[in-house]
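Biologist: Could you take a close look at the sheet in this model, and walk me through how its strands are ordered, paired and covered? I would like one connected account rather than a list.

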Amino acid sequence: MRDEESTMVVPAALGRGGLQSRQRRVIMRRPTVQPARRAARRRPMFKIVLYQPEIAPNTGNIIRLCANTGAELHLIEPLGFAMDDKRLRRAGLDYSEYSRVLRHRDWAAFVDAEQPARVLALSTKGSRSHAAMDYRPGDAVVFGPETRGLPADFLQQVGPDHTLRIPMRPESRSINLSNAAAIVIYEAWRQLEFAGAR
Ligand SMILES: C[S@@+](CC[C@H](N)C(=O)[O-])C[C@H]1O[C@@H](n2cnc3c(N)ncnc32)[C@H](O)[C@@H]1O
C-alpha cells in the first residue's frame with residue numbers, strides 16, 4: 001500500500017514541472033511521505049472563489065468546507081451579507097482558525113493579488129462535466145452568486161474548456177452553492193489522493 005501510494009501520487013503532485021532530482025531522493029528515502037502531502041503543507045491545494053456571494057449560511061458552510069479540505073477561500077465583493085453576520089458565524093466560526101478567508105474588492109483585485117495559474121468556472125451553462133477535469137494544486141475554482149450565477153462575459157473569458165457543469169437531472173435548475181462547492185472540491189482533492197488528509 002505504501003509503495004502504491006507513492007507511485008500513484010507522484011505525477012499528480014508534480015503538475016507540468018516534472019520531478020526534481022532532490023525530490024526524487026527524498027521520495028526514495030521516505031516512500032511513505034507523499035510529495036503532494038508536503039506540497040499541501042506549503043500551500044493550499046485549491047482556491048475556492050465565491051463571486052459576489054449573497055447568502056451568509058452558504059458562505060459559512062464553505063468556510064467549514066475549507067477547514068475540512070485545506071482549501072483557501074476568496075470572496076469577491078460586493079457581498080450580500082456582513083462578515084459578522086450571525087448566520088455566517090454559526091456555520092463557520094468554530095473552524096475559521098483552520099482556514100484562510102480573503103476578501104477582494106472585485107475580480108481584478110483577486111487576480112492581481114493571487115495571480116492564479118488557472119481559473120475554472122462552475123456554471124449550469126457549462127458543457128464539460130466537473131468530473132472530466134484534471135485538477136491541479138493551486139487551481140482557482142470560481143462559483144457564482146446564488147440568484148444570478150456567473151456573468152456571461154466572465155464565462156466567455158474563462159472559455160468552454162474551463163467552464164464546468166455538475167450533472168443533474170433534466171428537470172433540475174441548479175445545485176445549492178455550498179453543495180456545488182463540496183462536490184467539486186472533493187472530486188478535485190480525490191484526484192490528488194486526498195493529499196494532506198488523514
Ligand atoms: C444556486 S447556483 C446559481 C443558479 C443560477 N440561476 C444559474 O443558473 O447559474 C450558484 C452557483 O453554484 C454553482 N452551481 C450550481 N449548480 C451547478 C451545476 N449543476 N453545475 C455547475 N455549477 C453549479 C454555480 O457556480 C452557480 O453559479
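Modeller: Two residues are taken to be in contact if their C-beta atoms, placed from the backbone, lie within 7 Å. On that basis, residues 24 or more positions apart account for 82% of the contacts in the protein with a separation of 6 or more. The model is a predicted one, and its protein has eight helices and seven strands. Of the 198 residues in the protein, 33% are buried, a label that requires 20 or more other C-beta atoms within 10 Å of a residue's own.

The sheet itself is open and has seven strands, paired in parallel and arranged in the order β3-β2-β1-β6-β4-β7-β5. At its edges stand β3, residues 101-104, and β5, residues 128-129; each has a single partner strand, so one side of each is left without a neighbour in the sheet.

Let me start from the β3 edge. There, β3 pairs with β2, which covers residues 72-76, in the parallel sense and over four bridges, and within this pairing L73 stands opposite V101 of β3. Helix α6, residues 107-114, packs on the sheet and touches β1, β2, β3 and β6, while its direction makes about 145° with that of β2. In the loop that leads from α6 to β4 lies Q115, whose phi is near 45°, a positive value in a residue other than glycine. Q115 is exposed, because 9 other C-beta atoms lie within 10 Å, and a residue counts as exposed at 12 or fewer.

The next part to consider is β6, residues 139-143. Five of the five residues of β6 are buried, so this strand is largely enclosed by the rest of the structure. The covering applies to both of its faces, with D139, V141 and F143 buried on one side and A140 and V142 buried on the other. One of the partners of β6 is β1, to which it is joined in the parallel sense over five bridges, and here I48 stands opposite V141 of β6. Another is β4, residues 119-122, which runs parallel to β6 and is joined to it by three bridges. In that pairing V119 is set opposite A140, and L120 opposite V141, so that V141 faces I48 of β1 as well as L120 of β4 under the bridge-based definition of pairing.

Like β6, the strand β4 is covered on both faces: V119 and A121 are buried on one side, and L120 and L122 are buried on the other. Beyond β4 in the order of the sheet comes β7, which spans residues 163-165 and pairs with β4 in the parallel sense over two bridges; the bridge partner of A121 in β7 is T163.

These two covered strands also bring us to the ligand. A shell of 16 residues surrounds the ligand, and the closest of them are L122, F143, G144, G149 and I175. Among these, L122 is a buried residue of β4, and F143 is a buried residue of β6. By residue class, the shell divides into eight nonpolar, six polar and two charged residues.

Some features outside the strands complete the picture. Helix α4, residues 56-69, has 14 residues and reaches 20 Å from its first C-alpha to its last, close to the 20 Å expected at 1.5 Å a residue. This helix is mostly covered, as ten of its 14 residues are buried, including A56, N58, I62, I63, L65 and C66. Just after α4, G70 takes a positive phi of about 85°. In the loop between β2 and α5 one finds P78, which is joined to E77 by a cis peptide bond with an omega of about 5°. Finally, in the segment after α8 lies E193, which has a positive phi of about 60° although it is not a glycine. E193 counts as partly exposed, because it has 16 C-beta neighbours inside 10 Å.

Terms used: Residues numbered from 1 in each chain as written. Predicted model: local features only at pLDDT ≥ 70, side-chain atom pairs only at ≥ 80, totals over all residues. Axes fitted to C-alpha atoms, helices over the stretch in contact; angles between N-to-C directions. Near = placed C-beta within 6 Å. Nonpolar A, V, L, I, M, F, W, Y, C, P; charged D, E, K, R; others polar. Expected span 1.5 Å × (residues − 1).
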